[in-house]
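Visitor: I would like to go through this model with someone who can say what each descriptive term rests on. Could we take the terms in turn and set each against its criterion?

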Amino acid sequence: MPGLLAVALIAAGCQDSTPPTALKRPSFWGGENQCPETKFTGGGRIDPTPPNSMFGKVTFGFNIHGATNCVVSKGEIQVVHHPSQTKYHVSIHDGTDGFGNTPTFSVDGTCITVFATARVKHVNGDWHPHPIGMRACDNGEPGSSPGTGPDTFRWKVMDDDSFGHGDTGETPLTGGNIQQH
Amino acid sequence: MNVKSIHAVNPLATLALVAGLSAWFATAGVAQSVGGQAYGAYVNTPTASLGQSPLAVLPAISGTDGDIAYAEADASGVPGTLSSEFLNSTTSGALGTAEAGAQSTATAAAINILNGLITADGLVANAVSSRTASGAASNANGSTFDNLVVAGVPVTAGDAPVDPNTNITLPGVGYVVLNEQIPTGDGVTSSGMTVNMIHVFEQSPILGLLGQIIGYQTVGEIIVGSATSSVGP
């Protein structure tokens with residue numbers, strides 16, 4: 001479970017006295033490793049295309065509060081991958097997600113990256129957990145122009161690349177808005 | 001020293017300064033309220049009824065916390081009038097120091113209205129409102145239909161938008177408005193948007209004294225895919 005390991009490593013790194021700039025992050029996220037107290041809210045739609053492993057219509061909404069120790073203190077994330085009729089939901093209260101794990105975050109510029117555990121449901125199947133990564137960038141107003149962007153959203157299932165899972169890549173919004181506040 | 005400085009200021013000048021600053025903040029500040037809701041389906045006709053479902057309503061927001069609401073359903077409808085599947089409604093919003101915004105999304109799949117009169121593989125309703133120091137604005141970007149067919153005529157092939165407020169007559173039923181967009185606000189301190197992707201108006205004729213048709217009246221409504229967002233002073 002490399003995703004869970006990454007979450008555990010980040011959580012451990014954030015809670016000790018190591019300066020934030022020394023935190024280890026998965027290479028695909030990039031950016032500076034910082035975790036100032038922050039709040040991000042957003043929602044809308046992206047339409048990632050191949051070669052991203054999760055492609056097609058994706059809608060989402062989220063509200064994230066990050067504390068100074070790199071832990072997401074509270075938040076909700078809702079993501080739907082429509083081609084596979086897959087729903088993802090993350091619910092965070094008092095720094096803990098619904099599976100007893102500690103969700104973590106970092107901020108670089110106007111972007112936030114979150115690692116947590118989501119409960120997942122395919123069509124009418126049973127809910128089950130997957131470690132996920134979310135990245136959202138507030139690049140200007142309005143967040144979605146008649147074309148796409150400038151705001152971007154990325155959703156990655158850390159331990160599964162099969163249909164309905166995978167990685168959307170950092171994709172400009174087709175509709176919606178992301179707000180750093 | 002500070003006390004002496006305050007007493008040295010002309011009271012009228014102070015009042016003028018306060019009034020000026022208040023006016024500037026009223027113009028340049030961001031919204032003090034945001035709102036949003038989304039739902040997948042609604043039916044209110046003489047023969048069928050279904051409340052807005054699944055309905056997500058943005059809670060009242062104060063401070064800069066932001067919030068989100070969501071609702072979902074595997075299926076929703078009324079036999080013979082509407083069937084739909086995989087419905088998801090989400091709305092979120094926040095009051096920031098530089099920007100206030102709300103955004104709502106409603107989605108539905110496998111839509112069948114009035115026994116095949118209108119069908120679609122799916123739809124997305126998106127509404128966004130935001131206010132910054134430069135003004136308030138809303139849009140419905142990203143609102144699309146997937147393989148929409150109305151009265152046997154394909155309207156979209158694959159996933160595609162339809163022009164806002166597209167009106168199509170439904171003989172014997174009434175008419176349908178596709179991508180119905182209802183803007184609100186002054187565009188300066190407030191702005192809002194409601195988008196109803198499919199809005200069917202069932203109508204019946206109004207008869208004159210001699211039995212002739214002198215007009216039509218709406219007797220029922222069916223809505224699939226509705227998203228609303230707003231920002232206000």
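Guide: What follows is a conversation about the terms used for this predicted model.

Visitor: Let us begin with chain B as a whole; how many helices and strands does chain B have, and what share of its residues count as buried?

Guide: Chain B has 2 helices and 15 strands, and of its 233 residues 50% count as buried. The area that chain B exposes is about 10,500 Å², of which carbon and sulfur atoms supply 60%. Where contacts in chain B join residues at least 6 apart in sequence, 55% of them are between residues at least 24 apart.

Visitor: Why is A:R45 called buried?

Guide: The relative accessibility of A:R45 is 2%, and the term buried applies under 20%, so A:R45 counts as buried. This arginine lies in strand β1 (residues 38-46) of chain A, and the residues it touches, leaving aside those up to four places away in sequence, include A:F60 and A:L173 as well as B:V124, B:N126 and B:D159.

Visitor: What makes the pair of A:R45 and B:D159 a polar contact?

Guide: The contact is between the two side chains, at 2.5 Å, and the criterion asks for a pair of N or O atoms within 3.5 Å, one able to donate a hydrogen and the other to accept it. The pair of A:R45 and B:D159 is therefore listed as a polar contact.

Visitor: How do you know that A:K39 and B:D65 form a salt bridge?

Guide: The closest N and O atoms of A:K39 and B:D65 are 2.8 Å apart, and the rule accepts a side-chain nitrogen of Lys or Arg within 4 Å of a carboxyl oxygen of Asp or Glu, so this pair qualifies as a salt bridge. Across the interface of chain B and chain A the rule finds 6 salt bridges, and the count of residue pairs in polar contact between these chains is 13. On the side of chain B that touches chain A, the elements giving two or more residues are β3, β4, β5, β6 and β8 of chain B, and the largest share, 8 residues, comes from β4(B).

Visitor: How many residues does each chain bring to the contact, and what area do chain B and chain A bury between them?

Guide: Chain B brings 36 residues and chain A 38 residues, while the area buried between the two chains is about 2,700 Å², 49% of it on carbon and sulfur atoms. The size of an interface is often given as the accessible area lost when the parts come together.

Visitor: What makes β4(B) and β5(B) a pair of strands, and in which sense do they run?

Guide: Pairing requires at least two bridges, and β4(B) and β5(B) have 11, so they count as paired, in the antiparallel sense. B:L95 has B:A100 as its bridge partner in β5(B), and the hairpin joining these two strands passes through 4 residues. On its other pairing, β5(B) is joined to β6(B) by 13 bridges, again antiparallel, with B:V128 as the bridge partner of B:Q103.

Visitor: Why is β5(B) described as mostly covered?

Guide: Of the 14 residues of β5(B), 12 are buried, each being under 20% relative accessible area, and the description as mostly covered therefore follows from that count. Strand β8 (residues 128-137) of chain A is also mostly covered, with 8 of its 10 residues buried. β8(A) is joined to β7(A) by 10 bridges and to β9(A) by 6 bridges, both pairings being antiparallel.

Visitor: What makes the phi of B:L114 worth pointing out?

Guide: Most residues other than glycine have a negative phi, and most peptide bonds are trans. B:L114 has a positive phi, near 55 degrees, and lies in the loop between β5 and β6 of chain B. B:N147 likewise has a positive phi, of about 55 degrees, although it is not a glycine.

Visitor: Is B:N147 buried, exposed or partly exposed, and how do you know?

Guide: B:N147 has a relative accessible area of 31%, which is neither under 20% nor over 50%, so the term is partly exposed.

Visitor: Which peptide bonds are cis?

Guide: The bond from A:P50 to A:P51 is cis, with omega near 10 degrees, and so is the bond from B:S53 to B:P54, with omega near -15 degrees. A:P51 is found in the loop between β1 and β2 of chain A, whereas B:P54 is in strand β2 (residues 49-57) of chain B.

Methods: Residues numbered from 1 in each chain as written. Chains lettered and ligands numbered in written order. Predicted model: local features only at pLDDT ≥ 70, side-chain atom pairs only at ≥ 80, totals over all residues. Heavy atoms only, no water. Buried < 20%, exposed > 50% of the residue type's maximum accessible area, 1.4 Å probe, protein only. Contact = heavy atoms within 4.5 Å. Areas by Shrake-Rupley, 256 points an atom, 1.4 Å probe, with all protein chains shown as cover. Buried area = accessible area lost by both parts, 1.4 Å probe.
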